[in-house]
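Q: Please take me through one part of this model closely: the aromatic rings along a single helix, and what lies around them. I would like the reasoning as well as the values.

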Amino acid sequence: LFSDGYLNGVIGQVNTILKQLYGTAYTNSPAQSNVTAITFAGTVIGQLFFGYVSDHYSRKWALMASTILLIIFAALSAGSYGAGGSLGGMLAALTAWRFLLGIGIGGEYPAGSVACAESTGELKSGHRNRWFIMFTNVQIDAGTILSSLVPMILVLICTEDHLRLVWRLSLGLGVIPPLSLLYLRAKLDEPEEFKKESMKNTSTPWLLVLKFYWLRLSVVSLIWFVYDFSAYSFSIYSTQWISVILGDDTSLWKTFGWGTLVNAFYLPGAIAGAFISDWIGPRRALYTFVFLQGCVGFLMAGLYGILDKPANIAGFVVIYGIFLSLGEAGPGDNIGLVASKTSATAIRGQYYAIAAACGKLGAFVGTYVFPIIQKNAPGGAESTRGGQDPFFVSSSLCLFSAALAFFMLPHIGQDTITTEDIKFREYLEEKGWDTRQMGSKEYQAGSSSSVDVMRNEKVVEPEEKV
């Protein structure tokens with residue numbers, strides 16, 4: 001997921017460089033939107049495909065396949081070239097490679113995050129949520145910070161006379177994180193929960209699954225859609241906003257430097273939120289911090305006329321950074337945790353994949369809609385309203401997400417994965433479905449029954465009444 005943060009974030013800086021290099025030939029073409037947004041379309045396909053693979057075949061090999069795709073298409077993106085050196089051909093190639101890269105990024109979600117959630121059951125109770133978050137959302141945020149820091153350093157090294165080298169190196173360095181993990185992932189074993197609870201050796205009773213989970217999945221998916229609609233759009237276009245505020249005469253490395261500072265606000269929120277999620281629970285953390293984020297967003301919109309001056313850039317960065325940090329402590333940290341722990345192990349990869357795909361669909365829509373919101377604002381994209389309106393829209397959606405989480409999400413405890421597996425087995429048996437078909441063939445051979453055995457084998461925390 002570090003790769004997701006870096007490879008999705010760096011395209012914002014690459015977009016700024018391409019605008020500077022090619023001017024209106026780039027900005028007046030569909031490529032400006034396609035290059036930044038097409039990865040999300042690929043990610044949706046990758047999430048849905050690998051979600052199925054991770055449930056019906058293997059968590060481990062789904063991860064391996066997605067890692068290989070990341071390595072190949074990150075490298076090809078850096079080497080994008082048009083026939084005869086044409087700009088249009090080069091941008092078309094970059095768009096195509098970014099789409100295929102997105103498929104690899106998508107595979108990281110249902111395979112990696114789900115396997116991580118299942119492995120936390122082996123950790124000490126009271127610490128499980130924080131470690132899940134540390135290895136998922138915190139990694140995405142660390143990648144996002146590097147996605148602006150690396151281009152800044154490269155601009156300083158190569159100077160603005162060699163920006164073609166800068167954007168290609170920025171994309172090419174995205175090969176390193178997945179390449180470094182290839183050997184370790186080859187040595188992974190399947191999570192113990194997956195071995196016991198999967199339906200890889202039987203047909204999934206989809207009608208029963210839908211009846212049991214459709215409402216919960218709809219709520220989780222909608223919250224994730226709203227979060228990514230704002231989060232990824234703000235991430236990609238933050239450098240552009242800072243560039244507008246600082247003016248055309250500002251060095252590119254300074255623009256990227258301020259962008260790095262903005263992105264650095266992600267990390268404190270994500271790390272603090274990891275601990276808070278254990279202390280008060282993911283549901284409470286989610287609705288509390290997304291509500292506060294909405295309040296700060298309205299404050300940002302109200303003060304935008306003051307903050308959008310070069311002299312006040314530090315104030316803009318601080319308030320904007322607090323806005324982003326609250327988002328990470330709330331939905332950023334907890335929506336993936338909620339998606340991975342509110343379903344049974346047997347269908348967790350696909351459940352998570354659908355929710356995450358809705359999130360990336362929100363990101364895809366947001367990257368197209370944000371420029372439209374700005375262009376249609378009174379005075380145009382570079383006016384005060386052009387900066388205010390995205391914050392008005394995003395803040396309203398934050399309050400909507402807070403209401404959804406407060407009223408419609410279930411309590412998620414330290415042992416929710418175990419209790420959810422038991423509840424799902426009980427439901428299937430009640431409907432006449434033989435749960436002895438679940439698990440690996442080795443587990444099936446020693447399985448006599450289901451729910452009663454699971455209750456005797458595992459001690460589960462009592463459910464909190466909400």
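**Rings and spaces around one helix**

A: Let's start with Phe225, which is partly exposed at a relative accessible area of 25%. Please keep in mind throughout that this is a predicted model. Phe229 has 7% relative accessibility, so it counts as buried, the limit for that label being under 20%. Phe225 and Phe229 both belong to helix H11, and because they are 4 residues apart, about one helical turn separates them.

To place these rings in context, the structure holds 18 aromatic pairs. One of them joins Phe212 and Phe424, with 5.8 Å from centre to centre and 50° between the planes, a tilted arrangement. This pair bridges distant parts of the chain: Phe212 sits in helix H11 (residues 206–246) and Phe424 in helix H18 (residues 416–430), 212 residues apart. The two partners differ in accessibility: Phe212 is partly exposed at 28%, whereas Phe424 is buried at 0%. Back within the helix we began with, Phe225 and Phe229 form a stacked pair, 6.5 Å between centres and 25° between planes. That angle is under 30 degrees, so the stacked label applies. The 50° of Phe212 and Phe424 lies between 30 and 60 degrees, so that pair is called tilted.

Phe212 and Phe424 do not stand alone. Ring pairs connect them with Tyr213, Tyr351 and Tyr427 into a cluster.

Now for the empty space beside the helix. A search of the whole structure turns up 4 cavities of 30 Å³ or more. The second largest holds about 60 Å³. Its lining is made up of Val226, Tyr227, Ser230, Val290, Gln293, Pro331, Ser394, Leu397, Cys398 and Ser401. Three elements each give two or more residues to this wall: H11, helix H14 (282–307) and helix H17 (384–408). H17 gives the most, with 4 residues. By class, the lining counts 6 nonpolar and 4 polar residues, with no charged ones.

A charged side chain does meet an aromatic ring elsewhere: Arg283 lies over the face of Phe406, at 5.7 Å from the ring centre.

Cys398, one of the cavity-lining residues, brings us to the cysteines. The structure has 0 disulfides. Take Cys358: its closest cysteine sulfur is the one in Cys398, and because the gap is 18 Å, the two are too far apart for a bond. A disulfide would need the sulfur atoms within 2.5 Å. Cys358 is itself partly exposed, at a relative accessible area of 25%. Cys158, by contrast, is buried at 12% relative accessibility.

For a look at an open space to set beside the cavity, turn to the second largest pocket, with a volume of about 780 Å³. Of its 31 lining residues, Gly112, Cys116, Phe135, Arg185 and Leu188 are the closest to its centre. Two or more lining residues come from each of helix H1 (2–22), helix H4 (59–78), helix H5 (87–119), helix H6 (128–134) and helix H9 (176–186). The pocket lining includes 16 nonpolar, 8 polar and 7 charged residues, while the cavity beside H11 has no charged residues in its lining.

Technical notes. Residues are numbered from 1 along each chain as its sequence is written. This is a predicted model: local features need pLDDT of at least 70, side-chain atom pairs count only at pLDDT 80 or more; totals for chains, interfaces and linings use all residues. Side-chain values use heavy atoms; hydrogens and water are left out. Rings of Phe, Tyr and Trp (its six-membered ring) pair if their centres lie within 6.5 Å; planes under 30 degrees apart count as stacked, over 60 as edge-to-face and the rest as tilted. Buried means under 20% relative accessible area, exposed over 50%, partly exposed in between (1.4 Å probe, protein chains only). A charge sits over a ring if NZ of Lys or CZ of Arg is within 6 Å of the ring centre and within 35 degrees of the ring normal. On a 1 Å grid over the protein atoms alone, a cavity is a set of points where a 1.4 Å probe fits but cannot get out, and a pocket is an open set with protein on both sides within 12 Å along at least five of seven lines; lining residues have an atom within 4 Å of a point. Grid points are joined across faces, edges and corners, and a volume is the space filled by probe spheres set on the points. Ala, Val, Leu, Ile, Met, Phe, Trp, Tyr, Cys and Pro count as nonpolar, Asp, Glu, Lys and Arg as charged, and the others, Gly among them, as polar.
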